[in-house]
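Trainee: I have a structure open in front of me and would like a close look at a single part of it. Could you take me through that part slowly, and show me how it fits into the rest?

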Amino acid sequence: MANALKRFIPMFDRVLIERAEAMTKTRGGIVIPEKAQQKVLKGMVVAVGPGSRTEKGDLVPLAVKVGDQVLLPEYGGTKVEIEEKEYHLFRESDLLAKIEQ
């Protein structure tokens, strides 16, 4: 699987995100039904494009890199399946925040 992700390079300022898993159990051990689970708005950057271009043709590098944790918008992005695993493709400008650890 890692080999397929290495070959996947987003175009321009696009970023490939793996969403974090939804919490299915509380700390006390209570199982949360699927309908009651909240939508996960965090994810990890898996692949990044080279960046956008200015009018002069200069490359503007991205502010995020592979491995960064980011805050995602509730809606948007394009769903992409790579080797039976679901990822989402966003423009860098759509990302809400970078989460420092």
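**Strand β2 and its surroundings**

Mentor: Let us take strand β2, which covers residues 42-48, and keep in mind throughout that this is a predicted model. For orientation, the chain has 101 residues, and its secondary structure comes to one helix and eight strands, with the helix standing ahead of the strands in the pattern α-β-β-β-β-β-β-β-β.

Begin with the pairing of β2. Strand β1, made of residues 14-19, pairs with β2 in the antiparallel sense over five bridges, and within this pairing Ile 17 has Val 45 of β2 as its bridge partner. Strand β2 is also joined to strand β5, residues 69-71, by three bridges, and these two strands again run antiparallel; here Met 44 has Gln 69 of β5 as its bridge partner.

Now stay with Val 45, and ask which residues it touches once its neighbours within four places in sequence are left aside. The contacts of Val 45 are Val 15, Leu 16, Ile 17, Val 64, Lys 65, Val 66, Gly 67, Asp 68 and Val 70. Val 45 also belongs to the largest nonpolar core, which has nine residues, including Val 15, Ile 17, Val 64 and Val 70; Leu 62, Leu 72, Phe 90 and Leu 95 are further members of this core. A second, separate core of seven residues includes Ala 47, Val 80, Ile 82 and Leu 89. Over the whole chain, 28% of the residues count as buried, and residues 24 or more positions apart account for 63% of the contacts with a separation of 6 or more.

One of the contacts of Val 45, Asp 68, leads us on to the charged side chains. Asp 68 forms a salt bridge with Lys 98, in which the closest N and O atoms are 3.5 Å apart. Because Lys 98 lies in strand β8 and Asp 68 in the loop between β4 and β5, the pair ties together parts that are 30 residues apart in sequence. Asp 68 counts as buried because its relative accessible area is 9%, which is under the limit of 20%, whereas Lys 98, at 36%, counts as partly exposed. Lys 65, which is also in contact with Val 45, is linked with Asp 68 and Lys 98 in a network of salt bridges.

The structure holds five salt bridges, and another of them is formed by the side chains of Asp 13 and Arg 91, at 3.1 Å from N to O. This pair links distant parts of the chain, with Asp 13 in the loop between α1 and β1 and Arg 91 in strand β7, 78 residues apart. Asp 13, at 13% relative accessibility, counts as buried, while Arg 91, at 36%, counts as partly exposed.

Finally, look at the surface beside the start of our strand's numbering. Leu 41, Leu 71 and Leu 96 make a nonpolar surface patch of about 230 Å². Leu 96 is found in the loop between β7 and β8, and with a relative accessible area of 56% Leu 96 is exposed. For the chain as a whole, about 7500 Å² is exposed, and carbon and sulfur atoms supply 53% of that area.

Technical notes:
Residues are numbered from 1 along each chain as its sequence is written. This is a predicted model: local features need pLDDT of at least 70, side-chain atom pairs count only at pLDDT 80 or more; totals for chains, interfaces and linings use all residues. Side-chain values use heavy atoms; hydrogens and water are left out. Patches are made of residues with over 30% relative accessible area and no salt bridge: like charges are joined within 9 Å, nonpolar side chains (Val, Leu, Ile, Met, Phe, Trp, Tyr) within 5 Å. Accessible areas come from the Shrake-Rupley method with a 1.4 Å probe; for residues, only the protein chains shown count as cover. A salt bridge is a side-chain nitrogen of Lys or Arg within 4 Å of a carboxyl oxygen of Asp or Glu. Helices (H or I, at least four residues) and strands (E, at least two) are DSSP runs, numbered from the N terminus. Buried means under 20% relative accessible area, exposed over 50%, partly exposed in between (1.4 Å probe, protein chains only). Two strands pair if DSSP finds at least two bridges between them. A nonpolar core is a set of buried Ala, Val, Leu, Ile, Met, Phe, Trp, Tyr and Cys residues joined through side-chain atoms within 4.5 Å. Contact means heavy atoms within 4.5 Å.
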